[in-house]
Amino acid sequence: MCSTLRKCGTYRTEVAECHDHGSPFQGRKKGGNSLRDNSDKRNCHHEHGGYERPSSHCQENDGSVEMRDVHKDQQLRHTPYSIRCDRRMKWHSEDEICITTWRNRKPPGRKMRQNTQDGYTRNWFKVTIPYGIKYDKSWLMNSIQSHCSAPFTPVDFHYIRNRACFFVQDATTASVLKDVSYKICDDENRKICIFVNHSTAPYSVKNKLKPGQMEMLKLTMNKRYNVSQQALDLQNLRFDPDLMGRDIDIILNRRNCMAATLKIIERNFPELLSLNLCNNKLYQLDGLSDIIEKAPKVKTLNLSKNKLESAWELGKVKGLKLEELWLEGNPLCSTFSDQSAYVSAIRDCFPKLLRLDGRELSAPMIVDIDSSEIMKPCKENFTGSETLKHLVLQFLQQYYSIYDSGDRQGLLGAYRDEACFSLAIPFDAEDSAPNSLRKYFEDSRNMKTLKDPHLKGELLRHTKRDIVDSLSALPKTQHDLSSILVDMWCQTEWMLCFSVNGVFKEVEGQSQGSVLAFTRTFIATPGGSSSLCIVNDELFVRDASPQETQSAFSIPVSTLSSSSEPSLSQEQQEMVQAFSAQSGMKLEWSQKCLQDNEWNYTRAGQVFTMLQTEGKIPAEAFKQIS
Amino acid sequence: MGDKPVWEPIGSSFIQHYYQLFGNDRTQLSAVYIDASCLTWEGQQFQGKAAIVEKLSSLPFQKIQHSLMVQDHQPIPDSFIISMVVGQLKADEDPIMGFHQMFLLKNIQVAWVCTDDMFRLALHNFG
């Protein structure tokens with residue numbers, strides 16, 4: 001029993017350090033003060049949204065507040081019962097209950113460094129997304145925006161190493177953004193973390209150009225604007241005589257200058273088509289990325305003779321639908337092994353590009369479809385829009401015409417550099433396979449039975465060269481495209497999966513004439529020139545059933561033709577096949593058309609086109625795909 | 001591809017698990033699909049775990065046996081796997097039919113789920 005306890009009293013509002021002897025209030029003051037100090041720091045710390053942030057938060061030059069040592073203070077905070085009591089003492093005895101309450105469990109109220117006198121806050125907050133560099137900027141910002149109850153304007157978006165950062169202006173927004181942390185899932189199902197700290201104003205705001213400077217810049221830009229071509233030439237802007245004469249230093253690398261320039265573009269040249277930023281010592285394009293919103297119609301961009309080190313920087317302006325780009329004279333140009341790797345990388349970023357460094361790029365293949373239309377982010381139009389079906393059919397026709405041509409090397413253009421191909425047949429021992437399938441046996445990769453890991457690895461071809469070589473070694477074929485059945489069964493933002501079921505004939509060798517059935521699954525991405533590029537190719541081949549053999553390549557007797565039906569020559573059969581592939585009509589209809597035009601292919605084609613535009617050809621005449 | 005072909009054992013065990021569930025109790029297949037999954041069954045499409053399981057459960061047979069003849073697996077960029085299965089199936093007392101199925105697998109947290117699935121019976125009426 002401690003008499004001091006009684007003296008402590010029942011209601012203490014301060015930390016009491018209890019000693020065996022002596023005043024219970026000894027050291028109270030110290031405790032009290034330290035509490036008060038801690039709580040201030042805790043106030044700020046709360047902005048982090050929790051105690052996740054260890055003291056390793058480093059200060060960045062833009063002046064965001066240092067939050068060091070909070071962890072340490074936190075520890076001090078959380079040893080509240082630093083009561084050096086004699087353990088023999090009991091707190092509660094039969095007749096005495098000592099209750100202590102602790103002050104400042106919760107921080108009193110946030111003390112903001114705000115100028116509330118004016119009625120509006122001048123707070124700036126820095127929002128940081130660790131590993132934000134992984135995500136596509138517009139996806140990230142849109143996702144965050146969609147979780148916020150009110151729209152916000154991100155200022156000075158930039159990357160520092162792996163982090164994505166931007167600034168927002170008021171406390172409410174900051175608080176809303178803090179709550180978005182761990183709410184957004186990326187496509188690997190990891191939750192995205194968002195930190196929000198107090199900050200000084202962002203660079204471009206702190207160093208905002210004065211109205212006089214803006215006016216001068218605007219006049220200078222006006223002089224450099226070509227109205228008829230809607231082109232703005234800002235090359236070597238810093239050393240423009242007008243600007244230099246007024247002592248205005250427009251260094252476009254600096255966020256404030258770039259922001260001012262873009263602001264003027266947005267106000268005065270929103271329909272801008274061409275922008276020349278040559279020779280401005282640009283080493284990063286963070287600031288330029290806002291051009292996507294401010295001048296979305298820009299089709300020609302000249303970034304030559306700058307200091308861009310990596311093609312990755314271009315990703316920041318990827319939203320522009322560029323047709324012409326100049327990059328020569330940047331360090332990034334020499335980072336590629338050869339010219340085609342360079343062109344390929346740039347085209348990946350800007351799929352609609354027609355000219356790079358003044359040179360025309362190879363024309364896009366087949367149908368010119370906007371890639372964004374091909375790959376819808378949501379699966380709503382799943383069975384494929386008409387354009388998608390059209391694209392796939394065209395692709396298959398092109399693919400198989402090369403495949404059947406006798407020289408499969410042309411297929412190199414259809415595959416990505418790192419693509420996968422394997423094939424399988426339903427026979428595991430060479431002797432059990434029928435003659436027709438023997439030649440496929442060597443390449444057959446059936447994971448169920450194939451145990452040799454080396455062979456397993458070999459038979460999965462994974463470079464396009466390997467793939468085309470192994471395809472070239474397979475027997476020569478003739479595919480019946482009029483009877484294929486296509487399932488488009490998966491569509492994501494970047495890939496399309498479709499399976500083709502059909503039959504083909506062996507055209508030479510021992511098993512000439514035998515009909516085989518196949519199912520081939522392709523996974524393809526939009527290619528650089530509005531076509532499809534194969535990433536995965538899986539082929540399954542088996543003997544065709546008697547029914548399939550019969551209906552394959554058959555030219556059925558058409559009820560529309562004359563009663564005496566002479567059998568068709570080889571050449572005529574080929575014409576029917578080709579006509580069917582080109583027109584999209586079923587075989588019997590194609591045959592009828594050719595017959596009616598005395599097997600004059602060109603004339604038949606003209607007649608077909610004419611009838612089709614007049615709408616005179618019934619839908620049933622055309623091949624169906626699912 | 002210098003890495004170990006992890007897609008093969010993953011694909012194989014998924015397939016084994018799938019057909020086991022299918023044969024025992026099709027309603028349990030909801031475990032392998034997610035809400036974003038899509039099944040293309042003989043050309044018809046079913047979106048979402050619930051619709052898929054409903055379709056599979058409502059198939060007009062009680063008993064089903066699968067015999068898997070061929071399997072092949074390929075890796076797809078961004079950590080997907082595509083698995084192909086060809087085999088034979090027998091539903092109740094019906095004659096044996098061939099089938100071909102493709103699975104697109106994705107790693108979600110610790111499990112591999114099927115995001116897209118395509119099934120076709122082999123004896124198909126072409127043209």
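**Exercise 1. Strand 4 of chain A and its sheet**

Task: In this predicted model, identify which residue of strand 4 of chain A is the bridge partner of A:Trp124, and then place strand 4 in its sheet.

Solution.
1. The bridge partner of A:Trp124 is A:Ser199, a residue of strand 4 of chain A.
2. The wider pairing is between strand 1 of chain A, residues 124-129, and strand 4; the two run antiparallel and are joined by 5 bridges.
3. Both strands belong to an open sheet of 4 strands in chain A, with the order 2-3-1-4 and antiparallel pairing.
4. Strand 4 (195-199) is an edge strand of this sheet, as is strand 2 (155-160); each of them pairs on one side only.
5. On average, neighbouring strands of the sheet are turned by 25° against each other, with direction ignored.

**Exercise 2. A mixed sheet in chain A**

Task: For the open sheet of 7 strands in chain A, state the strand order and the kind of pairing, and explain why one side of strand 5 and of strand 11 is left without a neighbour in the sheet.

Solution.
1. The order is 5-6-7-8-9-10-11, and the pairing is mixed.
2. Strand 5 (225-226) and strand 11 (359-360) stand at the edges with a single partner strand each, so one side of each has no neighbour in the sheet.
3. A parallel pair is formed by strand 9 (residues 324-326) and strand 10 (residues 355-356) of chain A, over 2 bridges.
4. Within this pair, A:Leu325 of chain A stands opposite A:Leu356 in strand 10.

**Exercise 3. Classifying an aromatic pair**

Task: Determine whether the rings of A:Tyr399 and A:Tyr415 are stacked, tilted or edge-to-face, and describe the setting of the two residues.

Solution.
1. A pair of aromatic rings is described by the distance of the centres and the angle of the planes.
2. The ring centres of A:Tyr399 and A:Tyr415 are 6.3 Å apart, and rings pair if their centres lie within 6.5 Å.
3. The planes stand at 65°, so the pair is edge-to-face; the cut-off for that class is over 60 degrees.
4. A:Tyr399 lies in helix 13 (residues 386-403) of chain A and A:Tyr415 in strand 12 (residues 415-424) of chain A; the pair links distant parts of the chain, 16 residues apart.
5. Both A:Tyr399 and A:Tyr415 are buried.
6. The two residues belong to one aromatic cluster, whose members include A:Phe395, A:Tyr403 and A:Phe518.
7. Over all chains, the structure holds 31 aromatic pairs.

**Exercise 4. Charges over rings**

Task: Name the rings over which the charged ends of A:Lys137 and A:Arg408 sit.

Solution.
1. The charged end of A:Lys137 sits over the ring of A:Phe157, 4.7 Å from its centre.
2. For A:Arg408, the ring is that of A:Tyr403, with the charged end 3.9 Å from the ring centre.
3. A:Tyr403 is also one of the members of the aromatic cluster in Exercise 3.

**Exercise 5. Chain B and its hairpin**

Task: Give the pattern of helices and strands in chain B, and describe the hairpin of strand 3 and strand 4.

Solution.
1. Chain B has 2 helices and 6 strands, in the sequence pattern α-β-β-α-β-β-β-β.
2. Strand 3 (residues 64-76) and strand 4 (residues 80-91) of chain B run antiparallel and are joined by 12 bridges.
3. B:His73 stands opposite B:Ser83 in strand 4 of chain B.
4. The hairpin has 3 residues between its strands, and B:Asp78 in the turn has a positive phi of about 70°.
5. Of the 127 residues in chain B, 53% are buried.
6. Chain B exposes about 5,800 Å², of which carbon and sulfur atoms supply 52%.

Terms used:
Residues are numbered from 1 along each chain as its sequence is written. Chains are lettered from A and ligands numbered from 1 in the order in which they are written. This is a predicted model: local features need pLDDT of at least 70, side-chain atom pairs count only at pLDDT 80 or more; totals for chains, interfaces and linings use all residues. Side-chain values use heavy atoms; hydrogens and water are left out. Two strands pair if DSSP finds at least two bridges between them. Axes are lines fitted to C-alpha atoms, for helices over the stretch in contact, and angles run from 0 to 180 degrees between N-to-C directions. Buried means under 20% relative accessible area, exposed over 50%, partly exposed in between (1.4 Å probe, protein chains only). Accessible areas come from the Shrake-Rupley method with a 1.4 Å probe; for residues, only the protein chains shown count as cover. Rings of Phe, Tyr and Trp (its six-membered ring) pair if their centres lie within 6.5 Å; planes under 30 degrees apart count as stacked, over 60 as edge-to-face and the rest as tilted. A charge sits over a ring if NZ of Lys or CZ of Arg is within 6 Å of the ring centre and within 35 degrees of the ring normal.
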